[in-house]
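Hello,

Here is the structure I promised to pass on to you. Please open it alongside this email, and then read on for what turned up.

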Amino acid sequence: MRLDKFLKVARIIKRRPVAKQISDQKRISINGKTAKSSSEVAVGDTLVINFGNKTLTVKVRDLKDTTKKNEAEELYEIISEDYKEDYRM
């Protein structure tokens, strides 16, 4: 499955064009390698996504073409969620 489609289906990023834009800016890596939006994602891959202040590391658990909102979190497992600066007080 394409990276941008997985991010949208898993609801990590809400819109596919935004997922494509972020991955084309080299802010996503798959298993330590910089990924493009067209990169293939497989079960067991580790994704590191840089959102400005936040870095999210997830492991792919399952791949589906479509999911319901409550089933989307079953597609991945959050390994870590780091912040450069923690503004949550």
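**What turned up**

Arg11 sits in the loop that joins α1 and α2. Please keep in mind from the start that this is a predicted model.

Let me stay with Arg11 for a moment, since several findings meet there. Its phi is near 60°, a positive value in a residue other than glycine. As a general background, most residues other than glycine have a negative phi. Arg11 counts as partly exposed, because its relative accessible area is 31% and the partly exposed class runs between 20% and 50%. Arg11 also belongs to a patch of positive charge on the surface, where it gathers with Lys8, Lys14 and Lys69. As for the boundaries of that loop, α1 covers 3–9 and α2 covers 16–24.

A positive phi turns up at Asn31 too: the angle is about 50°, although Asn31 is not a glycine. Asn31 is in the loop between β1 (28–30) and β2 (33–34), and with 48% relative accessibility it is partly exposed.

In strand β1 you will find Ser29. Is Ser29 buried or exposed? Ser29 is buried, at a relative accessible area of 17%, which puts it under the 20% cut-off for that class. Leaving out neighbours within four places in sequence, Ser29 is in contact with Thr34, Ala35, Thr46, Leu47 and Val48.

**Salt bridges**

How many salt bridges does the structure hold? There are 5, and I will go through some of them here.

Arg2, Asp4 and Arg16 are linked in a network of salt bridges. Within it, the side chains of Asp4 and Arg2 meet at 3.1 Å, N to O, while those of Asp4 and Arg16 meet at 3.3 Å, N to O. Asp4 lies in helix α1 and Arg16 in helix α2, so this pair ties together parts that are 12 residues apart in sequence. Asp4 is buried, with a relative accessible area of 2%. Its partners are partly exposed: Arg2 has a relative accessible area of 31%, and Arg16 has a value of 31%.

Another salt bridge joins the side chains of Lys54 and Glu81, at 3.1 Å from N to O. Here Lys54 belongs to strand β4 and Glu81 to strand β5, so the pair ties together parts that are 27 residues apart in sequence. Lys54 is partly exposed, with a relative accessible area of 24%, and Glu81 is partly exposed as well, at 37% relative accessibility.

**Leu63**

One more residue to look at is Leu63, in the loop between β4 (54–60) and β5 (76–83). So this loop connects the two strands that the Lys54 and Glu81 pair ties together. Which residues does Leu63 touch, not counting those up to four places away in sequence? They are Met1, Phe6, Val41, Ala42, Val43 and Leu75. Even with these contacts, Leu63 counts as partly exposed, since its relative accessible area is 28%. For a sense of distance, Leu63 and Asn50 are 13 residues apart in sequence, and 22 Å separate them in space, C-alpha to C-alpha.

I hope this gives you a handy way into the model. Do write back with any questions.

Best wishes

Definitions and conventions:
Residues numbered from 1 in each chain as written. Predicted model: local features only at pLDDT ≥ 70, side-chain atom pairs only at ≥ 80, totals over all residues. Heavy atoms only, no water. Patch = residues over 30% accessible without salt bridge, like charges linked within 9 Å, V, L, I, M, F, W, Y side chains within 5 Å. Areas by Shrake-Rupley, 256 points an atom, 1.4 Å probe, with all protein chains shown as cover. Salt bridge = Lys/Arg side-chain N within 4 Å of Asp/Glu carboxyl O. Lys, Arg positive; Asp, Glu negative; His and termini not counted. Charge placed at Lys NZ, Arg CZ, Asp CG, Glu CD. Helix = DSSP H or I, 4+ residues; strand = E, 2+ residues; numbered from the N terminus. Buried < 20%, exposed > 50% of the residue type's maximum accessible area, 1.4 Å probe, protein only. Contact = heavy atoms within 4.5 Å.
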